[in-house]
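Dear colleague,

I am passing on the structure that I have been going through, with its sequence, so that you can look at it yourself. My notes come after it.

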Amino acid sequence: MKLKDVIKMLENFAPLSLAESWDNVGLLIDPCSSHEYEIKRALLTIDLTENVVEEATSKDCSLVISYHPPIFKSFKRLLQGNAKDRIIMKCIARGITVYSPHTCWDSVDNGVNDWIGSCFENKKIVPIVPHSLIQDAGMGRILSLSTPLSLTAICDILKIHLGIKHVRVGHKDNFDDSELVKTIAICAGSGGSLLNGVDADIYITGEMSHHDVLAAISEGRSVILSEHTHTERGFLKSVVNIFQDKCMGNIEFIVSEIDSDPLKTIS
């Protein structure tokens, strides 16, 4: 499948206009002289590390779709002594194209935030901040549960969905697990600024600052933190099937086996 057609498919799935103003999305590394270049296999990853570049090379992936943009801040030089610079140079030298969707995937309907919420039976799910032009898109989600659940039950459901053993939980001082939750606010990744003051019983996100958690529980809300990339990584396995169908088998999409959370929990 030609590179230009793969890019068109990616942008149709999640238009670049959905990205936050501070983000850096779309085609970031373009080492090919022509977008007529044929792509046979694409690797999806949350983070593009040097090890993931090696994996892409070994698996003959000429396109990497990196959820987090490997190029974010501007730079004036590329040096071998800098790991981020080496990633860029290796991709160029090896002819690996890099595309990053980041907050486009967060915002789009049936994107990352909807995927997080999909583990709960709900009667309504809407963006926290709706997009002005694209229906059902926008940052974050507020979910109304079909059947109210306890905080413990929500934690158990979420852990199974994300494929993790632990979450961190904050709640008010006089918390009672018999109090049932009716509404959940969701933000993939780091949700401190977006979730601040949102009217929901529970906040689910990857990470929040100490003071943002204190502010939330002082308002009588509970907070569930699953760590940043755990709110994002599972979506890749879901979106691979979507892309495979859209491209009708003309390109193979695979999820990185090397990419992982840089932080580990030690019991």
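What follows is an account of the cores, the cavity and a few individual residues.

This is a predicted model, in which local features need pLDDT of at least 70 and side-chain atom pairs count only at pLDDT 80 or more, while totals for chains, interfaces and linings use all residues. Residues are numbered from 1 along each chain as its sequence is written, and side-chain values use heavy atoms, with hydrogens and water left out.

**The nonpolar cores**

A nonpolar core is taken here as a set of buried Ala, Val, Leu, Ile, Met, Phe, Trp, Tyr and Cys residues joined through side-chain atoms within 4.5 Å, where buried means under 20% relative accessible area, exposed over 50% and partly exposed in between, with a 1.4 Å probe and protein chains only. The largest such core has 49 residues, and the members that touch the most others are Leu44, Trp105, Ile154, Ile184, Ile204, Phe243 and Phe253. Its largest share, six residues, is supplied by helix α1 (residues 3–13); helices (H or I, at least four residues) and strands (E, at least two) are DSSP runs, numbered from the N terminus. Separate from this is a second core of 16 residues, with Ala56, Cys61, Ile87 and Cys91 among them.

For Phe253, contacts (heavy atoms within 4.5 Å) are made with Met9, Ala42, Leu44, Ile65, Val240, Phe243, Gln244 and Cys247, if residues up to four places away in sequence are not counted.

Isoleucine 29 sits in strand β1 (residues 26–29) and counts as buried because its relative accessibility is 3%. Beyond four places in sequence, isoleucine 29 is in contact with Ile71, Ile88, Cys91, Ile92, Ile96, Thr97 and Val98. Its C-alpha atom is separated by 9.5 Å from that of serine 100, although the two residues are 71 apart along the chain.

**The cavity and arginine 221**

Rolling a probe the size of a water molecule over the atoms shows where empty space is left. On a 1 Å grid over the protein atoms alone, a cavity is a set of points where a 1.4 Å probe fits but cannot get out, and lining residues have an atom within 4 Å of a point; points are joined across faces, edges and corners, and the volume is the space filled by probe spheres set on them. The structure holds one cavity of 30 Å³ or more, and the largest cavity contains about 50 Å³ of space. Its lining consists of Gly192, Asn196, Gly197, Tyr203, Met208, Asp212, Ala215, Ala216 and Glu219, of which the largest share, three residues, comes from helix α8 (residues 210–218).

Arginine 221 lies in the loop between α8 and β12 (222–225) and is classed as buried because its relative accessibility is 12%. Its side chain makes a polar contact of 3.1 Å with the side chain of glutamate 219 and reaches the backbone oxygen of alanine 200 at 2.9 Å; a polar contact is a pair of N or O atoms within 3.5 Å, where, within protein, one must be able to donate a hydrogen and the other to accept it, and residues adjacent in sequence count only if both atoms are side-chain atoms. Not counting residues up to four places away in sequence, arginine 221 touches, among others, Gly197, Tyr203 and Ala216.

**Other residues to look at**

Threonine 103 belongs to helix α4 (residues 103–107) and is buried, since its relative accessibility is 2%. Its side chain is joined to that of aspartate 23 by a polar contact of 2.6 Å.

Two residues of strand β8 (residues 141–149) fall in separate classes of accessibility: serine 144, placed in this strand, is buried at 18%, whereas isoleucine 142, also placed in β8, is partly exposed at 22%. Isoleucine 142 and aspartate 199 are 57 residues apart in sequence, with 8.8 Å between their C-alpha atoms.

Finally, two residues other than glycine have a positive phi: aspartate 136, at about 65°, in the loop between β6 (129–130) and β7 (138–139), and glutamate 227, near 80°, in the loop between β12 and α9 (233–246).

With best regards

Definitions and conventions. On a 1 Å grid over the protein atoms alone, a cavity is a set of points where a 1.4 Å probe fits but cannot get out, and a pocket is an open set with protein on both sides within 12 Å along at least five of seven lines; lining residues have an atom within 4 Å of a point.
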